[in-house]
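Me: I am new to protein structures and would like some help reading one. Could we go through it together, feature by feature?

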2 protein chains.
Amino acid sequence: MKILIIEDEQGLRENIHSYLSEDNNVCESCSDLATAITKLSGYHYDFVLLDIGLPDGEGFEILRYLKNEMRSEAIIIISARNSLDDRINGLNTGADDYLVKPFHLAELKARIVAVFRRKAANNNNNLIFNEIVINLIERTVHVNDVEINLTRKEYDMLLYFIVNKGKVIAKTALAEHLWGDEMDMHDNFDFIYSHIKNLRKKIMEVTTNDYLRSIYGIGYKFTDK
Amino acid sequence: MKILIIEDEQGLRENIHSYLSEDNNVCESCSDLATAITKLSGYHYDFVLLDIGLPDGEGFEILRYLKNEMRSEAIIIISARNSLDDRINGLNTGADDYLVKPFHLAELKARIVAVFRRKAANNNNNLIFNEIVINLIERTVHVNDVEINLTRKEYDMLLYFIVNKGKVIAKTALAEHLWGDEMDMHDNFDFIYSHIKNLRKKIMEVTTNDYLRSIYGIGYKFTDK
DNA sequence: GATAAAACTGAAGATAAACTGAAGAAAAGT
DNA sequence: ACTTTTCTTCAGTTTATCTTCAGTTTTATC
């Protein structure tokens, strides 16, 4: 998953960053409101971890911004304040969970999973696209009831495609989602081509439909039409 | 097993904690409702031991919370009150057992096993996965009717895998479950590799099925598919 | 249809993850 | 206090995955 960490305490920020990265998430972090807004207006994340007390304003502004833009990011507030008011304020403004400092990183992770599950819980734990079934808990992918074995990048890619089915995904957006902003790819997409090729190959071994279309000059689209 | 103890009497709490820890469980404890909710929203436990009279509210709230979230934790209520109303209330709200203070720690332990057995195992205290049979009371493991001798960590690991069969278990989650939250492992999983290796070796000596799959970059999955 | 850019491919090299046996440290049992 | 078992750490090895590369095919445009 792609996660934005907005936290001004350097130590905590770095700890969260490395802990969640180890757990196979792509993380980015920043320490103030302005940078956060810039980042958010540039990319889509799966999760935003939001500290309330920031040097240039209240984190609540981010909440309002995201709500205003009807964005779908899940938001977990991280705050030193434990007053009922803050809590209610945060949850009312659209946060999905509220975590009081200090906390264990393991707890943060568990909450991320819990929130993600709650959000995706409209239908148990399966993401389905025609004959492709992704089980998020088992981390399995079945195509026509045949299990296919995907590597991390392939799995993350497929998940991203299916979550955004029907939409055109720019290669830059895809790279951004899978590698975060530490990767500079200056017009070299070889690694994307490579992973796409392998993903296609694995899917094509068990179905005849080529769902993963190339959009020349732009990127890809996962669709059955 | 991983157990959360919610009890405000310090002496009793510490007694339970150390008694159950000695019995090879990973325990955490807290003394009020707020902390309990925080912990519960952060981790998954196998068991919750719940006192009803807490400084900041009734333990029943925890029951409601867990039920609401459709959580699978087994719950044993510990209470000084022995009124039928309380008892019925507790069991109706989803508790699995009810224990009246004062009680012997040995009884608590027995009830934990009993409840766990009722939830997870068949009625002979056995947890079965194909040819693997775990006897929860005796803490023995039989594979194809041959007993294999597991150390504490190996046993706990296997139990955790079998309770979560089919699911992907991240190495971080495994570490958390086996060592609790005091362990910081910052990208050193050597001890996990070591225990996994030994567990595999012991299982492989008596069966040809390799149930314990590695999920590269993530963790493990116990499955027969 | 010629051209150039973009996309694809298989294979090789680089990297990171997982595994292993052995040894030292810690804990449990006597 | 001593012995035995279990847990953890370490260094070296194997394996899976990721990235790069050079050559090929496809696509849009002229």
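**Reading helices, cores and contacts**

Reply: Gladly! Let's begin with a pair of helices in this predicted model. The axes of α6(A) and α8(A) cross at roughly 80 degrees and come within 10 Å.

Me: What is the orientation of α6(A) relative to α8(A)?

Reply: The general idea is that two packed helices are described by the angle between their axes and the distance between the axes. Angles from 65 to 115 degrees count as roughly perpendicular, so α6(A) is roughly perpendicular to α8(A).

Me: Which residues make the contact between α6(A) and α8(A)?

Reply: From α6(A) come A:Lys153, A:Glu154, A:Met157 and A:Leu158, while α8(A) brings A:His195, A:Asn198, A:Leu199 and A:Lys202. Sorted by class, this contact has three nonpolar, two polar and three charged residues.

Me: Now the DNA. Which residues come nearest to DNA strand D?

Reply: Here we look at the residues around the strand and pick out the nearest. For DNA strand D there are 18 residues around it, and A:Thr151, A:Lys153, B:Thr151, B:Arg152 and B:Lys153 come nearest. The elements giving two or more residues to this surface are α6 (152-163) and α8 (190-204), in chain A and in chain B. Its residues divide into eight charged, six polar and four nonpolar.

Me: And which residues come nearest to DNA strand C?

Reply: Of the 22 residues around DNA strand C, the nearest are A:Tyr193, A:Lys197, A:Ser214, B:Lys197 and B:Ser214. The α8 helices of chain A and chain B each supply at least two residues of this surface. By class, the surface near DNA strand C has ten nonpolar, six polar and six charged residues.

Me: How many residues does each chain give to the contact between chain A and chain B?

Reply: For a contact between chains, we list the residues on each side. Chain A gives 15 residues and chain B gives 16. On the chain A side, helix α5 (residues 105-120) gives the most, with five residues. That side has five nonpolar, three polar and seven charged residues.

Me: Last one: which residues touch the most other members of the largest nonpolar core?

Reply: A core is read by asking who touches whom. The largest nonpolar core has 63 residues, and A:Leu49 and B:Leu49 touch the most other members. Apart from it lies another core, of 22 residues, including B:Leu158 and B:Val163. Beyond its neighbours within four places in sequence, A:Leu49 is in contact with A:Ile3, A:Ile5, A:Ile6, A:Glu7, A:Ile16, A:Ile76 and A:Ile78.

Key. Residues numbered from 1 in each chain as written. Chains lettered and ligands numbered in written order. Predicted model: local features only at pLDDT ≥ 70, side-chain atom pairs only at ≥ 80, totals over all residues. Near = placed C-beta within 6 Å. Helix = DSSP H or I, 4+ residues; strand = E, 2+ residues; numbered from the N terminus. Nonpolar A, V, L, I, M, F, W, Y, C, P; charged D, E, K, R; others polar. Core = buried A, V, L, I, M, F, W, Y, C linked by C-beta atoms within 7 Å. Buried ≥ 20, exposed ≤ 12 C-beta atoms within 10 Å, placed from the backbone. Contact = placed C-beta atoms within 7 Å. Axes fitted to C-alpha atoms, helices over the stretch in contact; angles between N-to-C directions. Parallel < 35°, antiparallel > 145°, perpendicular 65-115°, else oblique.
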